[in-house]
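Biologist: I've got this chain open on my screen and I'd like to talk it through with you. Can we start with the overall picture and then move in to single residues?

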Amino acid sequence: MSPTPDLTSGHLGHLTPDQEAKVIEFWIIILTSVATVLSAVYDVPIPEGPSSKLFAALDKIKEPTVEAIISALKGEDTDEETSNGTEMNGETIQESISDNKEQKSIDKVDSLMNEHAKDTIISEMANRKVTPAHFSSLFSRLRELGVQEAEITSMENILSKLTPQEMCFAILKMIKQENPDSILLRFLRARKWDVGKAFSMMASNILWRKEVEIDEEILPRGEEYALEQSRSFTVTSKEKKEGADFINQLKTGKGFLHGIDRDGRPVVYVRVKIHKPGAQSEEALERYIVHVIESTRLVLAPPVETATVVFDMTGFGLSNMEYPPVKFILKCFEANYPESLGQLLIHNAPWIFSGIWKLIHGWMDPIVASKVHFTRSVADLDKFIPRNKIPKEFSGDENWSYKYDEPVKDENEIMKDTVTCDSLMYDRMMIGIRMITATAAWISASSESDGKEGVSKVEELKSRRNAVIDEFRVNYWKLDPYIRARSFIDRTGMLLPGGQLGLEVSANGQAK
């Protein structure tokens with residue numbers, strides 16, 4: 001079956017001119033925030049005036065080096081030296097002028113451009129703080145977009161908690177293998193194309209990912225760490241229980257990823273009767289939920305951007321009901337992973353669930369609620385998932401049943417190679433800079449595209465930008481084994497090395 005897009009308009013490759021303009025506007029805010037971070041780190045003045053001034057400077061970057069970025073932001077020509085000065089904001093700046101700020105910038109570049117450059121850059125970015133004052137131009141722009149003062153104040157609190165390193169790497173970590181425009185479109189659609197609110201939502205999401213430690217602990221530690229915790233005699237009883245709580249949810253198959261629906265979406269089955277309130281800590285349950293969602297994200301391939309979730313209510317009783325995890329899952333669908341849910345099937349719900357559903361439905365965002373469907377039989381499920389891909393447990397025709405394969409000894413041995421990891425991460429930062437530069441050039445050209453020649457130029461820049469985005473995706477799959485512990489999707493062949501997909505899995509756990 002060939003996958004079809006979840007929707008048409010509003011998704012990558014299917015944007016109206018107005019929707020593309022919103023994407024550009026979103027990127028303008030992001031680029032402005034990135035530039036202010038660079039300004040804070042390297043004491044480099046940002047060009048004043050309209051956003052096009054910033055883009056004109058960024059577009060001068062000819063190579064992915066800190067020196068080239070600083071030179072461009074200072075208004076210097078990175079291709080050739082000039083003795084008469086550089087034109088910026090209508091004024092000529094003499095390069096021979098040697099005031100303190102200029103000297104500090106030169107000293108900074110000299111100190112960075114050595115064999116320890118990457119360590120210096122990362123250390124510098126990690127140690128410096130960004131204050132709300134550094135984002136004054138960004139907040140001014142948000143006010144122009146109609147963002148309320150309360151939201152701006154909230155954003156100030158969020159940004160003040162991040163270091164420049166976290167600011168710059170946050171979006172790179174969030175993107176992973178996806179197209180960056182797809183990420184932006186998720187937030188735009190979730191906020192009904194209000195750019196200011198979409199940016200505020202993304203900023204909150206960045207802080208949430210940091211607080212939950214998704215890229216620092218949940219993904220790098222993964223299932224092997226939890227299994228070792230559960231068996232260790234040297235950890236505290238609390239740590240031992242946390243490991244056991246996490247791994248037991250995988251062993252029992254409370255939730256599992258298997259197969260695809262009629263639109264090519266990966267399907268996650270949740271067997272509600274297995275859940276026992278109090279059998280695991282709230283933290284372990286939430287980390288498990290995030291682990292499953294992040295794993296599902298990795299098996300999304302264009303044009304598919306969402307997943308289908310089947311809540312199997314067979315055998316459900318009041319003893320299985322617990323409201324906090326329900327609220328957490330809804331928050332994931334609505335705020336933490338917006339526009340990631342394709343459809344939610346509530347299967348074989350008993351009459352006792354009707355009263356509970358009225359309460360849960362009242363908590364739901366209308367968009368999420370519109371994706372809910374109740375199914376009673378395999379014939380109902382067959383409307384969404386082909387019967388031959390529905391496991392026999394749900395009366396389908398597929399002879400497959402869930403069995404958890406525990407982590408294999410040394411399956412994450414490669415993660416100890418921090419030298420290679422750091423090198424690939426540094427490459428990712430450099431490719432990311434090139435991607436930002438290509439994005440700035442595309443935006444700048446789009447704002448001035450008149451006639452066939454202008455349109456042709458924009459399309460050429462788009463093509464060049466797409467090539468860098470592809471390079472960014474390839475880099476992620478090289479980096480993935482070093483930053484993400486192997487999980488059930490790797491061991492069962494749902495995700496193959498290099499990012500290839502093998503979603504259809506046979507009963508023995510091998511990809512078909």
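Modeller: Sure. Keep in mind that this is a predicted model. Of the 512 residues in the protein chain, 53% are buried.

Biologist: How many helices and strands does the protein chain have?

Modeller: Both kinds of element are there. The count for the protein chain is 20 helices and 7 strands.

Biologist: And what share of the accessible surface belongs to carbon and sulfur atoms?

Modeller: Start with the total: the protein chain has an accessible surface of about 23,800 Å². The part that belongs to carbon and sulfur atoms is 52%.

Biologist: Looking at contacts between residues at least 6 apart in sequence, what percentage join residues at least 24 apart?

Modeller: That one leaves out pairs that are less than 6 apart in sequence. Among the contacts that remain, the share joining residues at least 24 apart is 72%.

Biologist: Let's go to strand E5. Is it enclosed or open, and how many of its residues are buried?

Modeller: Take the two faces in turn. On one side sit Ala307, Val309 and Phe311, and on the other Thr308, Val310 and Asp312, all of them buried. E5 is therefore largely enclosed by the rest of the structure, with a buried count of 6 of the 6 residues.

Biologist: Which strands does E5 pair with?

Modeller: Residues 266–271 form E4, which pairs with E5 in the parallel sense over 5 bridges; here Tyr269 has Val310 as its bridge partner. Another 6 bridges join E5 to the strand at residues 341–347, again running parallel, and there Phe311 stands opposite Ile346. So the names you want are E4 and E6.

Biologist: Which helix lies between E5 and E6 in their β-α-β unit?

Modeller: There are two units to keep apart. E4 and E5 make a right-handed one with H13, residues 282–298. E5 and E6 also belong to a right-handed unit, and its helix, residues 323–336, is H14.

Biologist: What about the largest nonpolar core: which helix gives it the largest share?

Modeller: In general, nonpolar side chains tend to be buried together in soluble globular proteins. Here the largest core has 66 residues, and those touching the most other members include Phe311, Ile346 and Phe353. The largest share of this core is 7 residues, and they come from H13.

Biologist: How many residues are in the second, separate core?

Modeller: Its members include Ile183, Trp193, Ile431 and Phe472. The number of residues in that second core is 51.

Biologist: Back to Phe353. Which residues is it in contact with, leaving aside neighbours within four places in sequence?

Modeller: Phe353 is itself one of the core residues that touch the most other members. With the sequence neighbours left aside, its contacts are Met313, Phe316, Ile346, Ile360 and Phe374.

Biologist: Now helix H9. Why is it described as largely enclosed?

Modeller: Its residues, 180–190, can be checked against the burial cut-off of under 20% relative accessible area. Charged ones such as Asp181, Arg186 and Arg189 are on the buried list, along with Ile183 and Phe187. H9 is largely enclosed because the buried count is 11 of the 11 residues.

Biologist: Which residue has a side-chain oxygen reaching the backbone nitrogen of Asp181?

Modeller: Look at the start of H9, where that oxygen comes to within 2.8 Å of the nitrogen. The residue is Asn179.

Biologist: Is Arg491 buried or exposed, and which side chain does it make a polar contact with?

Modeller: Arg491 is found in H20, residues 488–491. Its relative accessibility is 16%, so Arg491 counts as buried. The polar contact runs side chain to side chain at 3.1 Å, and the partner is Glu411.

Biologist: And Ser200: which residues is it in contact with beyond its sequence neighbours?

Modeller: You'll find Ser200 in H10, residues 195–212. At 10% relative accessibility Ser200 counts as buried. Its contacts, leaving aside neighbours within four places in sequence, are Glu151 and Met155.

Biologist: Last one, Lys331. How is its accessibility classed, and what is it in contact with?

Modeller: Lys331 has its place in H14. With 43% relative accessibility, Lys331 counts as partly exposed. Leaving aside neighbours within four places in sequence, its contacts are Trp208 and Asn336.

Technical notes
Residues are numbered from 1 along each chain as its sequence is written. This is a predicted model: local features need pLDDT of at least 70, side-chain atom pairs count only at pLDDT 80 or more; totals for chains, interfaces and linings use all residues. Side-chain values use heavy atoms; hydrogens and water are left out. Helices (H or I, at least four residues) and strands (E, at least two) are DSSP runs, numbered from the N terminus. Buried means under 20% relative accessible area, exposed over 50%, partly exposed in between (1.4 Å probe, protein chains only). Contact means heavy atoms within 4.5 Å. Accessible areas come from the Shrake-Rupley method with a 1.4 Å probe; for residues, only the protein chains shown count as cover. Two strands pair if DSSP finds at least two bridges between them. A crossover is right-handed if, with the strands pointing away from the viewer, the path from the first strand over the helix to the second runs clockwise. A nonpolar core is a set of buried Ala, Val, Leu, Ile, Met, Phe, Trp, Tyr and Cys residues joined through side-chain atoms within 4.5 Å. A polar contact is a pair of N or O atoms within 3.5 Å; within protein, one must be able to donate a hydrogen and the other to accept it, and residues adjacent in sequence count only if both atoms are side-chain atoms.
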